[in-house]
Each structure stands twice: as C-alpha cells, then as structure tokens.
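Subject: Structure for you to look through

Dear colleague,

Here is the structure I promised to hand over, with the sequence beside it. Please have it open while you read the notes that follow.

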Amino acid sequence: MPLSHLLFVASAFLLALGSVLAKYLLSLDSSPTSAIDPLPFLTLQLIGGVVFLVTVRLAKGWRMEPFAHLVRPAFAGIILGAGSVGTIMALALVSASEASVVFATQPVLMLGLAWVLLGERFSPAVAILCFAAVGGVIVIVVGGSTEASPFRFAGLAFALMSTVCAAIYTVWMRGLSGKLDFLTALIVVQATAFILSAVIWGGAAWAGLAPTRIGTPFLVGSALGTGAIYYGAAFYVYLIGLQKTEASKAGIYLSLVPVFAIGLAWVILAERLGVLQWIGAVIVVVAVARISAISSTDKNTTGST
C-alpha cells in the first residue's frame, strides 16, 4: 500500500477517535453547572488544533509566506469552520449512527467536485468501488440501533451541511498544492475556523439563542485534547497524504472513519456491533483495499511509460 494511503488510514483512525471522544464528553451526565455545550466545546477543540499545528511548525522551523498567499487558506478556514459547527451540532442533536449515514456520502461528493473543479479523472472501477464503500458504510449505520430525537431533522440538516463543507474544503485544499507551505496554510485554516467558531459562540451567547456553558476544568482540558487529535494530528496527517495523491482517491478513505468509530465506540462507549455492521465493515475494508491496489498499478504503469 502506498505511503499516502497509509497516511489516510491513520488520519481516518484519528478522526474517528476524536469524534468518539467528543461524543462521550458531550454526553456525560453532568449537573447543569458543570456540563459543556457544543459551541464552546468546538471553539476549545479548534484552539487545541491550532496549538498542535503551531508546535509542529515551530519544531520544523517557522516559514513566512506572503500575505496574498494566505487569502485562499483563510477562505478554506471559513468553509471548515462552518462544517465544524455542523459536525458538533449533529453529534449533539442526533445519534452518531444517523449522522454517519449523511457523513458517508462525502466521497461521492468529492468525486464530483474533483472532476468539476480540478479536472481529475477516475476509472469506472474506482467509481464502482467508491459506491461500494459508501454502501458498506450505510449498511454499518443502518444495521445499528438509532434513538428518536425531537431535533432529528435539524441534526440531519447540520450533518448534511458538514458533509458538503468537508467535501468542498478537501478539494479546495488539494487545489492549493504546490502554491505555499501546506502546514502554514493549515494553521491559517484552523485559526480562521477558530475565529468563526468564537464569533458564532459569542453571538449565540449574546442573543440567548443557545446554551454556552463551558463546563469544568476537566472538560475544558478534554476539549483541548480532542481538538489536538481531531483538528491537529488528523488534519496534519491527512494533508501530508493529500499532497501525494488525487483528491478523488483521498476522499475514499474517509469511508473508514465510521468503521474505526464503531470499533472505538465499542471500547469507549460500550456499544456492540450487529451482524449487518460487521458485514458493512468488511465491504468497506475490501473496497478500500482494491482502490489502493488499482492506484498502485496505475502509478507503476505510468512510471514505466
């Protein structure tokens, strides 16, 4: 398996770990004065991500970029910020299984966006395997139990918003390849997303539209830690891989996130897999393995001509 594909697998695991930990922390049975609400939780997560990335940048040596080169990453940060709000609200309003059904459609959206915006082409076999991977994810989430929620439709709408934003963000960041240092660009992205999240949090608190409890020091520290995992390490590893392959192929590996999430939820949240969920997990893993094999064959063929 190529190094870039291994990086995508590692990123998928870190994204799943960050999501499961966030779900656990948001669902803790706390008193009204010690609970943490989604918007402050997200803002703290983004701080943790920025701190992680700045630390890596300092360790590698700071690199200055012309201001004009940072405009496009800042726009990507707005997209990421909007998508992050959708993600955290979806996790707060609906079950993880219902949200995952919507999140699973991202690879299909990315195939279309990479074709329209970047002119990337993919074989019919890759397209079929992509739909097989998405189908496997749907089997996973449908095979699990879901809980009714009075906010179900709002939560699914937030999940859809997050999925669309994530697809646009990934293709947009792929378009920046070679134009500036990607780590510096990612710091700008995360910092812009943090500013947007903080503005939304402050606006919601001022208008009284949503609860904005910040919770205990433990929850504050946990939010920062999960942010370092999700928005820091996972994004960093993912974008390293993104520099080495096409955006259409990169998006396929996001189908592994629900597979890892189910396994981690089994360990952390004591959830159990059903037969259909195991079947779906096998479908996803086999589809992703075949995509990797096709990609490696295509690369070797191209290099020999």
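**Ala82 and its surroundings**

Leaving aside the neighbours within four places in sequence, Ala82 is in contact with Met161, Cys165 and Leu196. Before going further, please keep in mind that this is a predicted model. Ala82 has its place in helix H3, and one of its partners, Leu196, lies 114 residues away in sequence, although the two C-alpha atoms are 7.8 Å apart in space. Is Ala82 buried, exposed or partly exposed? Its relative accessible area is 25%, and because buried means under 20% and exposed means over 50%, Ala82 counts as partly exposed.

**The chain as a whole**

If you step back to the protein chain, you will find 12 helices and zero strands, so that, in keeping with the definition of these elements, the order from the N terminus on reads α-α-α-α-α-α-α-α-α-α-α-α. The protein chain has 305 residues, of which 49% count as buried. When you consider the contacts with a separation of 6 or more, 90% of them are accounted for by residues 24 or more positions apart.

**Where H2 meets H3**

The helix that holds Ala82, H3, spans residues 71–93, and its axis comes within 10 Å of the axis of helix H2, residues 38–60, with the two crossing at roughly 135°. H2 and H3 are therefore oblique to each other, since an angle counts as roughly antiparallel when it is over 145 degrees and as roughly perpendicular from 65 to 115. The crossing of these two helices, H2 and H3, is right-handed. On the side of H2 the contact is made by Pro38, Leu39, Phe41, Leu42 and Gln45, while H3 contributes Ser84, Val85, Ile88, Met89 and Ala92. Sorted by character, the residues of this contact between H2 and H3 comprise eight nonpolar, two polar and no charged.

**Helix H11**

Further along the chain, helix H11 takes in residues 256–268, and it offers a small calculation that you can follow yourself. At 1.5 Å a residue, its 13 residues should span 18 Å, because the expected span uses one less than the number of residues, and the end C-alpha atoms are indeed 18 Å apart, which agrees. The buried residues of H11 are Leu256, Val257, Pro258, Val259, Ala261, Ile262, Leu264 and Ala265. After H11 comes Ala270, whose phi is positive, near 60°.

With best wishes

Note on methods
Residues are numbered from 1 along each chain as its sequence is written. This is a predicted model: local features need pLDDT of at least 70, side-chain atom pairs count only at pLDDT 80 or more; totals for chains, interfaces and linings use all residues. Side-chain values use heavy atoms; hydrogens and water are left out. Helices (H or I, at least four residues) and strands (E, at least two) are DSSP runs, numbered from the N terminus. Buried means under 20% relative accessible area, exposed over 50%, partly exposed in between (1.4 Å probe, protein chains only). Axes are lines fitted to C-alpha atoms, for helices over the stretch in contact, and angles run from 0 to 180 degrees between N-to-C directions. Angles under 35 degrees count as roughly parallel, over 145 as roughly antiparallel, 65 to 115 as roughly perpendicular and the rest as oblique. A crossing is left-handed if the near helix is turned anticlockwise from the far one by less than a right angle, and right-handed if clockwise. Contact means heavy atoms within 4.5 Å. Ala, Val, Leu, Ile, Met, Phe, Trp, Tyr, Cys and Pro count as nonpolar, Asp, Glu, Lys and Arg as charged, and the others, Gly among them, as polar.
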